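Good morning, everyone, and thank you for making the time. Please take a look at the sequence and the structure before I start talking about charged pairs and open space.

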Amino acid sequence: MSDQRYEIRIAGSGGQGVILAAVIVGEALALYEEGLNVVQTQAYGPEARGGASKAEVIVSRGKIDYPKATNPNLQVILTQKACDEYVHDASPNSVVIVDDFFVTEPPKINANVYSLPIVRTAREEIGREIVTNMVALGTLARILESWDLAKPESIRKAILDRVPKGTEELNSKAFELGYKLMKEKL
């Protein structure tokens, strides 16, 4: 990787854990990968729970001169409202991963769009929709690995550092299932 700037956005509804997911990605890149500069920001509507929210991570080996995403290279979007609001500024040929349950109209943009069962995996295979963000992190981890930006183990370690004690196995399983979903597509 050169000094290229990579912009990552995770978007969904307040309460889906998108901010926590972005914090985990930022920590994984900053703490467990070598030579990266990382900044993480977030935004959510006044309704917090239920409103559109987004969190972004900017990563580069060079200096980061602006802390927000202007043309994301990678987006994981969990709701139709968030998709409608945030997907339009994707960089050409970027990767956009959308949940196939809540995003009923996948975007028609100049990007590699993957519609994956993120929420359904959390509900049906884990039995807990609360780990949707961990499934999403697994999909994102596979992309970052393919770009030689991060090892999945770095993100897994950051997850285990952040999740409440006693939930490590649940969150790890959700992460692994998300990783597998994306690995089957690449």
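Let me begin with the naming I will use, in which helices, labelled H and at least four residues long, and strands, labelled E and at least two, are DSSP runs numbered from the N terminus. Please also keep in mind that what you are looking at is a predicted model.

I will take the open space before the charges. The largest pocket has a volume of about 270 Å³, and 18 residues line this pocket, with Leu20, Ile130, Val131, Asn133 and Asn171 lying nearest its centre. Which helix gives the most to that lining? The answer is H4, which contributes three residues, while helix H4, spanning 132-146, and H6 each supply at least two. If we sort the lining of the largest pocket by class, we find seven nonpolar, seven polar and four charged residues.

Now to the charged pairs. As a general point, side chains of opposite charge can pair when their charged atoms come close. In this model the count comes to 11 salt bridges, and I would like to walk through some of them.

Let us start with Glu56 and Arg9, whose closest N and O atoms are 2.9 Å apart in a salt bridge. Because Glu56 sits in strand E3, residues 52-60, and Arg9 in strand E1, residues 6-13, this pair ties together parts that are 47 residues apart in sequence. Are these two residues buried or exposed? Both Glu56 and Arg9 are buried.

The next pair is Arg120 and Asp100, whose side chains meet in a salt bridge at 2.5 Å, N to O. Arg120 belongs to helix H3, residues 118-126, whereas Asp100 lies in the loop between strand E5 (94-99) and strand E6 (111-116), so that the pair ties together parts 20 residues apart in sequence. Arg120 counts as partly exposed at 30% relative accessibility, and Asp100 is likewise partly exposed, with a relative accessible area of 27%.

A further salt bridge joins Arg156 to Glu176, with the closest N and O atoms 2.3 Å apart. This pair links distant parts of the chain, since Arg156 is in helix H5, residues 152-162, and Glu176 is in helix H6, residues 168-183, 20 residues apart. Here Arg156 is partly exposed, with a relative accessible area of 23%, and Glu176 is partly exposed as well, at 33%.

Finally, salt bridges that share partners join Arg9, Lys54, Glu56 and Asp89 into one network. Thank you, and I am happy to take questions.

Conventions:
Residues are numbered from 1 along each chain as its sequence is written. This is a predicted model: local features need pLDDT of at least 70, side-chain atom pairs count only at pLDDT 80 or more; totals for chains, interfaces and linings use all residues. Side-chain values use heavy atoms; hydrogens and water are left out. A salt bridge is a side-chain nitrogen of Lys or Arg within 4 Å of a carboxyl oxygen of Asp or Glu. Buried means under 20% relative accessible area, exposed over 50%, partly exposed in between (1.4 Å probe, protein chains only). On a 1 Å grid over the protein atoms alone, a cavity is a set of points where a 1.4 Å probe fits but cannot get out, and a pocket is an open set with protein on both sides within 12 Å along at least five of seven lines; lining residues have an atom within 4 Å of a point. Grid points are joined across faces, edges and corners, and a volume is the space filled by probe spheres set on the points. Ala, Val, Leu, Ile, Met, Phe, Trp, Tyr, Cys and Pro count as nonpolar, Asp, Glu, Lys and Arg as charged, and the others, Gly among them, as polar.
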